[in-house]
Amino acid sequence: MVISPENVLLVGAVLLFLSVLVGKTGARFGVPALLLFLGVGMLAGSDGFGIHFDSPQIAQFIGTVALCIILFSGGMDTSYREIKPVLAPGVTLATLGVLMTTVITGLFIYSLVDFLPGDFQLGLLESMLLAAVMSSTDSASVFSILRSKGISLKERLRPTLELESGSNDPMAYMLTLLLIQIIEIGSVNWGDAILLLVLQLVVGALAGFALGYAIVWIINRIDVPNESLYPVLLLACVFFVFAFTNLLQGNGYLAVYIAGLVVGNRKLVHKRSLTTFFDGFTWLFQIVMFLTLGLLVNPSELPAVAGVSLLVALFMIVVSRPLSVFVSLLPFRKFTTRARVYISWVGLRGAVPIIFATYPLMSAEIPNARMMFNVVFFVTIVSLLVQGTTVSAMARWLGLIGKSEEKEIFNVALPDEIKSAMSEIELTAETLAGGNKLMNLALPDNTLVVMVKRGEQYFVPKGHTQLEPGDRLLVISDNDEELRRSYESLGISRYTMRKNR
């Protein structure tokens with residue numbers, strides 16, 4: 001095929017279309033969509049339909065852009081009230097946990113030296129580098145799988161896992177670059193290395209908070225006549241946060257996640273449309289990122305590393321990840337053993353390790369870089385297949401499924417200036433035992449039922465409107481806690497509650 005703008009757009013459109021279709025199909029069978037996106041990329045690559053792509057630099061650039069958007073969007077969707085109680089364990093997992101995973105896995109890989117293929121011999125430093133590349137859990141995979149499954153987890157597990165995956169990339173990134181530097185130069189000043197690591201984390205965190213508040217101020221103060229330009233403005237701010245933080249010698253990935261956390265938990269004009277835009281943009285770049293990484297790998301090279309990769313993947317799932325989690329969480333007594341086991345299990349590998357594996361590819365001093373990339377790719381596939389497909393099953397098996405909130409029916413949002421709580425409830429025969437008219441429902445003062453959904457019909461009720469079991473009601477109230485107590489007294493167990501932050 002002749003390379004031209006038209007052909008590139010044609011192939012890109014077909015790949016995106018196929019990715020959406022296989023993602024929908026895979027959801028029916030519990031297969032993570034991200035794994036299928038990788039599969040589409042591999043199928044279209046040089047060993048499949050013949051699209052030749054062999055540029056780690058381009059893949060790394062696409063991955064960096066995608067991670068900025070994914071991390072920012074993940075931060076925006078995270079409630080600070082949810083992560084505040086798990087801040088300490090989440091940060092510990094993101095730092096000490098990553099370091100322990102690197103050391104334990106690296107030593108295991110080095111112990112396999114006698115079993116490696118003849119042209120794939122790793123020294124201790126190369127083994128540690130390979131482990132560092134795979135040491136962080138992948139934010140794209142964790143955010144996508146946990147949220148697509150729609151399960152409610154006990155013991156604040158979901159915010160813990162999302163906080164860890166959103167903030168542990170900087171540690172793995174710094175370890176990867178540090179080990180590459182040691183291999184290239186042959187020596188390192190450990191004092192300077194530790195100082196640089198601390199500087200990256202501290203500057204990244206401070207820049208994320210400062211620039212996050214700056215973004216909120218800019219978005220709320222600037223008056224753009226065309227509302228459609230607000231997402232463009234916010235997108236520009238996201239890229240600025242990443243690049244500017246790197247210029248300050250901080251970690252841009254951490255800064256972007258924290259900035260998203262700040263923006264998502266503050267008043268923001270057009271917040272709903274901005275969130276919707278970033279949700280769609282996040283999915284687009286997840287697909288593009290996984291397609292690109294799938295194109296970069298040559299499937300014909302994977303059988304040569306299949307044996308050692310499978311051993312490493314199983315070791316990380318069964319030994320190094322659980323050991324690092326249990327040690328990291330020793331000071332935090334609130335987590336039960338079942339919760340620690342589940343956190344160990346949801347140590348998903350995904351796009352981030354593959355992107356980090358492109359850094360050794362661009363170094364002439366690491367001769368086995370291509371084989372290392374293939375190992376990381378194979379381990380990622382195993383992780384998504386084994387762990388990604390069993391996220392819900394493992395939670396049920398461990399008894400960690402919480403009470404799930406109902407899916408929202410009314411696509412309505414209140415402006416941030418309004419402090420009322422909005423909820424949706426489903427009526428039952430028990431709820432209507434005291435009378436089947438709206439006026440008979442014992443709802444608190446300052447509470448208004450604004451709409452009813454019955455079957456496929458929507459209507460605005462009045463006090464004498466007769467209600468039926470199965471009706472869905474959209475309720476607005478000034479006091480969400482009193483409203484919850486009212487629901488409990490009415491025997492209403494199926495409801496959603498949304499409160500403006």
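Here are four short exercises on this structure, each with a worked solution.

The model is predicted, so local features need pLDDT of at least 70 and side-chain atom pairs count only at pLDDT 80 or more, while totals for chains, interfaces and linings use all residues. Residues are numbered from 1 along each chain as its sequence is written, and side-chain values use heavy atoms, with hydrogens and water left out.

**Exercise 1. Crossing helices**

Find how the axes of helix α3 and helix α11 are placed to each other.

Step 1. Locate the helices: α3 covers residues 56-76 and α11 covers residues 229-247. Helices here are DSSP runs of H or I with at least four residues, strands are runs of E with at least two, and both are numbered from the N terminus.

Step 2. Look at the axes, which come within 10 Å and cross at roughly 110 degrees. Axes are lines fitted to C-alpha atoms, for helices over the stretch in contact, and angles run from 0 to 180 degrees between N-to-C directions.

Step 3. Name the arrangement: α3 and α11 are therefore roughly perpendicular to each other. Angles under 35 degrees count as roughly parallel, over 145 as roughly antiparallel, 65 to 115 as roughly perpendicular and the rest as oblique.

Step 4. See which residues meet: Thr 64, Val 65, Cys 68, Ile 69, Phe 72 and Met 76 in α3 are in contact (heavy atoms within 4.5 Å) with Leu 234, Leu 235, Val 238, Phe 239 and Phe 242 in α11.

**Exercise 2. Two residues in helices**

Decide whether Ser 344 is buried or exposed, and do likewise for Cys 237.

Step 1. Recall the cut-offs: buried means under 20% relative accessible area, exposed over 50% and partly exposed in between (1.4 Å probe, protein chains only).

Step 2. Ser 344 belongs to helix α15, residues 337-345. With a relative accessible area of 3%, Ser 344 is buried.

Step 3. Leaving aside residues up to four places away in sequence, Ser 344 touches Arg 321, Pro 322, Val 325, Phe 326 and Gln 387.

Step 4. Cys 237 is part of helix α11, and its 10% relative accessibility makes it buried.

**Exercise 3. A salt-bridge network**

Work out which residues are joined with Arg 370 into one network.

Step 1. Use the rule: a salt bridge is a side-chain nitrogen of Lys or Arg within 4 Å of a carboxyl oxygen of Asp or Glu. The count by this rule is 8 salt bridges.

Step 2. Arg 370 pairs with Asp 54 at 3.8 Å, N to O. Arg 370 sits in helix α18 (residues 369-386) and Asp 54 in the loop between α2 (33-44) and α3, 316 residues apart.

Step 3. Arg 370 also pairs with Glu 301 at 3.3 Å, N to O. Glu 301 is in the loop between α13 (271-296) and α14, 69 residues from Arg 370.

Step 4. Check the cover: Arg 370 is partly exposed at 21%, and Glu 301 is partly exposed at 26%.

Step 5. Through shared partners, salt bridges join Asp 54, Glu 301 and Arg 370 into one network.

**Exercise 4. A pair between strands**

Find which strands are tied together by Arg 472 and Glu 426.

Step 1. These two form a salt bridge, with the closest N and O atoms 3.7 Å apart.

Step 2. Arg 472 lies in strand β4 (residues 472-477) and Glu 426 in strand β1 (residues 421-426), so the pair ties together parts 46 residues apart in sequence.

Step 3. Both Arg 472 and Glu 426 are buried.
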